[in-house]
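The following exercises concern the architecture of one protein chain. Please attempt each task with the sequence and the coordinates at hand before reading its solution.

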Amino acid sequence: MTTTLAPPIPIGMAAVGSLGLLALSAGALESVVSPTIPLLERELDMSQSQGALLSIVLLITGALITPLAGRFGDRYGGKRVLIRLMAVVAVGGTVSALAPNLPVLLLGQVLQGAMVGALPLSFIVVRKNLPPGRSKVAIGVVSGLFVGGGMVGMLAAGPVAEKLSRHWMFALPTIAVIAATLLVHRLMPSDPPGTSHDTGIDWSGLLLLSGMLVTLMLVLALAPEAGSQPLVLAALVTLLAVFVVSWVYVERRAASPMIDLHLLARPAIWKACVLTFVICLGTSMAVYLVPQLFDERGEGYGFNAGATEIGFFLLPGAVAATLAGPLGGIGDRRFGSRTVVGTGVVIMTVSLVVLASVHTEVWHLVVGKALIALANGLCVTALMTSTATAVDAEDTGIATSLILVSRVLGYAVGGQLGGALLTAATPSGSNVAAESSYVTGFLIAGVVTSLALFVTRTMPKGVNA
């Protein structure tokens, strides 16, 4: 039995713009922690391990929320779920802004993690209210503004925290999120719910995925100390394997799985997920290493830059990341995702390898970081738009959420690997990492990113992934 859906209500530039503003403000709120970890460690008397936990807890909760958000959006309507999700984000941002200590700040970050699920919900709304050609461009704009917002957050967080306080670096983007959510509520028409009447929630899959992600982060965090704690690391690796096998077993047999492995098995989907993970892993290592190298005080390397200077140096990357979204959507429509992704991978690989060899001037890092941000935005946007249009409309949310989970995992793993390299290369009693650790990090990121070309070659030449 089929259900006839009401024809979509055409939406104008103002409605798409409200989604873009929401993506921009959410991206800014998501990214304010990363560039201010040293400041937060000092003000909240945090250890480096606690700082690492703070930097990834939002990503972990985001990876858990995103598949559920996509599924609920497909089922009940993207706008309806989006507004409720952003209310949770606003509460989380407020808690983070008022947090007097680390436990309260962690709670705020857990709630803020819901923002990662906003993107697939935005894509559902756009897909249901625009024709395919225009929806690709609109998805590119929204995705690009989310990435650009993240770069703006990294740019502004340091100066705001230094000139005002750490409380305001959370408060300002939270206010923007609330304002943009109200605009979306007013300007965006409600999209019809999907035809599925299944109301089950895969709690077992959710719990197993939670355990898998937390264990993975612990393995990466303890990797530099493997020599002193080999048994602990081995136990965690074994536990991780158990979680992975159990999760796959449960998801394959669940009546309403949190992540549909049958959908994931489609070539268009799994290739996009693999490419997104690999590309974001390489990107996140650069995102972590470049600011650290700006701040470094080594002999003959590093620039001893403050938070405000680092933000200024990252500005070209913010601009490039913002432009990459629309360019990626347009490029995917005109040339196909294979061409766009392949071009982005080549640009990123070359930039990372060159940074490993040449990083003695500020402009080396500025240009390299901007090219990496541009390439990442092109790749992820093309993969997102091609995936969103490669499945049935009612599967848009869950399909794009798979890409976003892959993005989150790539960023989390890459950031942890970058931190592990610097930790392992920092002598006891010193806070200066060896230059070789930066060279190694950039090279590893470049090699990993280049592997994406093997998958890209198998993608169709047409406009769909």
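The exercises below go from the whole chain to single residues and then to internal space.

This is a predicted model, in which local features need pLDDT of at least 70, side-chain atom pairs count only at pLDDT 80 or more, and totals for chains, interfaces and linings use all residues. Residues are numbered from 1 along each chain as its sequence is written, and side-chain values use heavy atoms, with hydrogens and water left out.

**Exercise 1. The whole chain**

Determine how many helices and strands the protein has, and what percentage of its residues is buried.

Solution. Begin with secondary structure, taking helices (H or I, at least four residues) and strands (E, at least two) as DSSP runs numbered from the N terminus. The protein has 19 helices and 0 strands. Next, apply the burial classes: buried is under 20% relative accessible area, exposed over 50%, and partly exposed in between (1.4 Å probe, protein chains only). Of the 465 residues, 56% are buried. Finally, consider contacts, defined by heavy atoms within 4.5 Å. Among those between residues at least 6 apart in sequence, 82% join residues at least 24 apart.

**Exercise 2. Two residues of helix 4**

Establish whether S96 is buried or exposed, do likewise for A97, and list their contacts beyond four places in sequence.

Solution. Locate both residues first: S96 lies in helix 4, and A97 lies in that helix, which covers residues 78-98. S96 has a relative accessible area of 0% and is therefore buried. A97, at 8%, also counts as buried. Then turn to the contacts. S96 meets L105, G108, Q109, Q112 and F170, while A97 touches H167, F170 and A171. The C-alpha atoms of A97 and A171 are 5.3 Å apart, although 74 residues separate them in sequence.

**Exercise 3. Helix 15 and the nonpolar core**

Test the length of helix 15 against expectation, then identify which residues of the largest nonpolar core touch the most other members.

Solution. The expected span is 1.5 Å times one less than the number of residues. Helix 15 (residues 337-357) has 21 residues and should span 30 Å; its end C-alpha atoms are 30 Å apart, so the two agree. Its buried residues include V340, V341, V345 and M348.

For the core, join buried Ala, Val, Leu, Ile, Met, Phe, Trp, Tyr and Cys residues through side-chain atoms within 4.5 Å. The largest such core has 131 residues, and I279, F294 and F442 touch the most other members. Helix 12 (residues 267-295) supplies the largest share of this core, 15 residues. Beyond four places in sequence, I279 touches V341, V345, M348, N376, C379, L383 and A452.

**Exercise 4. Internal cavities**

Find how many cavities of 30 Å³ or more there are, and describe the lining of the largest cavity.

Solution. On a 1 Å grid over the protein atoms alone, a cavity is a set of points where a 1.4 Å probe fits but cannot get out, and lining residues have an atom within 4 Å of a point. Three steps follow.

1. The count comes to 3 cavities of 30 Å³ or more, and the largest cavity has a volume of about 40 Å³ (the space filled by probe spheres set on points joined across faces, edges and corners).
2. The largest cavity is lined by L19, L22, A23, A26, A118, L119, S122 and F146.
3. Helix 1 (13-31) and helix 6 (118-129) each supply at least two lining residues, and helix 1 gives the most, with 4 residues.

Key: 1 Å grid on protein atoms, 1.4 Å probe; cavity = no way out; pocket = protein on both sides within 12 Å on 5 of 7 lines; lining within 4 Å.
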